[in-house]
Amino acid sequence: MERSREVRSLVEIVSGNAAFMGDCQIVLEETLPSGLYVNPDQLAELRRFKQIEACPVGRVDIETSQLESTPHIVHVYSTLQRTENLFSAPVSLPFHLRYHSPIEKGGYARAILGSPSLLLRCSSSIDCKSMKSVEAPCGPCDSNKCHWLNIFYKTNSPNIVVKVPVGNLGHTTLVTMFTLLVTSGGCVYICMSSGTSLVVPVVLWGKTAPTHCISCIYLSRDQRTLVTGCYDGQICLWQVEPDTLHMTPRCLLVGHTAPILCLSKASIVLDNNFIVSSSESGEMCTWDLVDGKCREVVKLPYVHTNIQAYHMCNCEDVRLFCNGYYPEVLVMDPFSLEIIFTLSLRVNPDWISALHVLRPAKRKDDVVLALTTTGTVKVWTLMGQENRSQEPLYENESKQIRCLNALSMTCCAYNQRTVLIICSKYWQINSLKQIYDAGDFSVLCSVNSPRGERWLGGEFLAADRVVIWSDEGKGYMYKLPANTIPDTKDFHSKAIESDIPFLYCTLAVPADKPLSCPPAMRYDVVSRQGKLLRYIVRGDSEGKVVIWNIPEITNGQLAQFKQEDFSNPPGMPPTVSTSLVKAWLEMKPPPVGILDQLDTGDLPGVRLTASIYLPQQSRLVVGREDGSIIIVPATQTVMLQLLHGRHQQYDDWPPHQLLLGHAGRVNCLLYPHHAHPRYEKSHLVSGGVDFAVCLWDLYSGNLLHRFCVHAGEITQLLVPPNNSSPRILKCVCSVASDHSVTLLSLTERKCVVLASRHLFPVVTIKWRPLDDFMIIGCSDGTVYVWQMETGHLDRVLHGICAEEVLFACDENPAAASAGEVGLANPAVHFFRGLRHRNLSAIRHATQRGLHQLQQLHHSEHHDGSDQQKTGAFPLMIQGLRTNPKDPESHILVFDIEGLIVQLLSEEYSAMSPGTLEAQGLINQAEYQKVAALTQSASPDAHKKIAGILAKMKEGAENVQTKLQAKVEGAGFKPIQADSRGEHMFNLSN
């Protein structure tokens, strides 16, 4: 049993020289007895929300009882508020009660909370010989020690007595039985729950590293995790050694469907390992860097190009300031991903291309500087109390400057008087008269980009130095002229030719080959062992990560550089460099693939391009780049790659089956029977780069038919929904790169529908089987509605109408009855066939109508057959490809519960009933007792019961014959009798 309590105190200190003490902080050092404890996780959460600054000393075990626990110390920190000569601070600490052993007749136990020690530390030195100086942590959970003064004080309550309820020793038997009952019931519930099975995934990457074209990069504050986002939508987590900066790929996060544009921290707390990512499609995710789980995801109609995490005044944690392809600045919560408030533009509204948030010195408000694509500077002043319910927050200042399509804007943190603006062709330093006033913003100096390069971004290294990086992955370090430094007399003066930005160092990778796309670069400042370390981190299109450790260069060294005559400034090689390819080569043994047994030597074999797993047969079908299809037993293949044993010494094991029929790469595979049992078990469908769809016999390996109706390579194979018409139910749907979609009948071996009038690539296919419609959405937003029975284009939709039609297809059709009874009237399809003069559609509509009438009374049977549930398979194999150029990797998903059930089933099925009974698994005596209860005590009872049933059956048959004769006399004729003896009748006249 756990009870939560909270102790509150008001600390007041009276001082005669309060003005000379400066800012002061106190610590209450409280010793909790063994019957009480504090929860470290709760205190950490309260610290994150800035509610309580407290931390226990050492480890606290919250699970032990009072008898097994020892007293522990807690430090509670608070800042003193000064009012004339009085210092005061309210202090609170939540604590919990430990479990106490029961006693006779129950009652209460006592836990005494003594008076804490009061420690004081001020910014100004305090000379007081009567107070003792002690060492204590400088802050909550801080490893650094500071000197504190131990103050004597008076208190209103020296000791606090806490009463803890304890159990009655006489109720031990009752409590034990009740606990056992509840625990057993909970275990049964957990075992029967379908969503609590343990699933263990294992990835077989293969010998080739996945492509990772880096689009953005982020280094955590503790220098232990590096995060890279790529253009394929994946995020890679790298484990970093802070001392050596050695990086090892640890995890690949898959969740985005578009290129990653932004990565940002989610909290100012050092122990809070969360980041926020944003993609080109408007998706935003909050990730946990420890386990790689996605904690929150949202899709917005906004595309962010920049996200700055900033801790606003009067706020508990950081806020995300986002700008991008929209004329606003969105301020969001990093954990809920909700828009808190919006900064709008009143004058010259346009997209925000650059943004910077800062807090002016000696002020408690925050200032947002923004620059639009057309060169208008916007300034907002925030007080930290803004929320979404308010009216739009418009800019306080606005000014037009000569700067188009800026990429980034950074205010100097060392003086807050200069601003660095980066454009693709030049960078410039602008002056600020006041940080919250856009009245000045004049250009102090400017530098054009080198020939063949474009600037990407930059940061201030110091008040007089900047580092700028380009799209070639190079960094340039400049010394600023005197007119850009506020501390000099030449600040804001006219620039002279002899004093221009001086390039004193370049950051480049030796023998670096040209990049296929601009790299992602970032400047980070971290504190380690009391020193500030400056890093430039770069990730390029080859998946290579490079880090430069920028050293401190004194003014004397800079003066010496200026005196030297060199055409090219000295270059600085990177401190450390790595990539996924390098990490793959360093792995011994190398990562295994699913079909490595077919490779020869250490060289990778034929690339795997498609795969599908058949769980009921435990077979894996893999398509390759040369057009061949390999079929292998999945269990033996996994055992060969993951387990050591004699089986690894066998040649040509496990046996495989080879299918040859495609003239090029196999793009997709489909096993229709796995989607629905209406298809043949032996049918396998494949689509390749040779424009063909092949139908295979899975058991014999023969090519049954080759569909050649597309004019482009096959990209996707689908199965129509279960409640389609009987003709469509025997078809599969194929999509090709020529923007065509077909319905191919596997029984008739011909194309039923060819939809080939799409002008743009097909991105989605929806179904409306009740209306006989196939809805195809293209990349330009156009929606085409096709009739499946007639194969004619019904309509073409654009804009909002197209979106509404696609949304309507996702609605739950549960209200409509399953089976063919709920389909549209066959007369509708009949008249469509007449209008288009399609004899085949007319014939199928007629057959469909007759079939509906015949199956009218069998709808209940169809309802149960359309919804089949497959059991949990102990092994599932899913193909994974992060880039179209990569060979396909495979994810092995082991269901532990399903694996145990299958192993036990195989073991018990091999045992005889006698063996099962001998091992205590079954009890024949119990079965005989149950069987005896179902048998009659009288030996003549069976004959009597059989005679009664025969008489009842004979009477029912006589009644049925009489009813049938009366119905036929009234003009009805029976047309069919079902399996239960029931008849259907037609009107003869």
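**Close-up 1. Strand 56 pairs with strand 57 in this predicted model.** Strand 56 covers residues 762–768. The pairing with strand 57 is antiparallel and runs over six bridges. Ile 765 has Ile 776 of strand 57 as its bridge partner. The two strands form a hairpin with four residues between them. In this hairpin, Asp 772 adopts a positive phi near 60°.

**Close-up 2. Strand 57 also pairs with strand 58.** Strand 58 spans residues 783–787. Five bridges link strand 57 and strand 58, again in the antiparallel sense. Across this pairing, Ile 775 stands opposite Val 785 of strand 58. Here too a hairpin has four residues between its strands. Gly 781 in this hairpin takes a positive phi near 90°.

**Close-up 3. Strand 57 is mostly covered.** The strand comprises residues 773–778, and six of its six residues are buried. In a regular strand, side chains alternate between the two faces of the sheet. In strand 57, Phe 773, Ile 775 and Gly 777 point one way. Met 774, Ile 776 and Cys 778 point the other way. Residues of both sets are buried. Two of these residues appear in the views above: Ile 776 is the bridge partner of Ile 765, and Ile 775 stands opposite Val 785.

**Close-up 4. Three strands form an open antiparallel sheet.** The strand order is 13-61-60. Strand 13 (199–204) and strand 60 (875–880) stand at the edges. Each has a single partner strand, so one side of each lacks a neighbour in the sheet. From one strand to the next, the twist averages 20°. Strand 61, residues 889–895, is joined to strand 13 by six bridges. Within this antiparallel pair, Val 199 has Asp 895 of strand 61 as its bridge partner.

**Close-up 5. Helix 11 packs on the sheet.** The helix touches strand 13 and strand 61. Its direction makes about 65° with that of strand 61. Helix 11 runs over residues 896–909, and Ile 900 lies in this helix.

**Close-up 6. Ile 900, Leu 904 and Tyr 908 form a nonpolar surface patch.** Together these residues have about 250 Å² of accessible area. Is Ile 900 buried, partly exposed or exposed? Ile 900 counts as partly exposed because its relative accessibility is 46%, and the partly exposed class lies between 20% and 50%.

Key:
Residues are numbered from 1 along each chain as its sequence is written. This is a predicted model: local features need pLDDT of at least 70, side-chain atom pairs count only at pLDDT 80 or more; totals for chains, interfaces and linings use all residues. Side-chain values use heavy atoms; hydrogens and water are left out. Patches are made of residues with over 30% relative accessible area and no salt bridge: like charges are joined within 9 Å, nonpolar side chains (Val, Leu, Ile, Met, Phe, Trp, Tyr) within 5 Å. Accessible areas come from the Shrake-Rupley method with a 1.4 Å probe; for residues, only the protein chains shown count as cover. A salt bridge is a side-chain nitrogen of Lys or Arg within 4 Å of a carboxyl oxygen of Asp or Glu. Buried means under 20% relative accessible area, exposed over 50%, partly exposed in between (1.4 Å probe, protein chains only). Two strands pair if DSSP finds at least two bridges between them. Axes are lines fitted to C-alpha atoms, for helices over the stretch in contact, and angles run from 0 to 180 degrees between N-to-C directions. Contact means heavy atoms within 4.5 Å.
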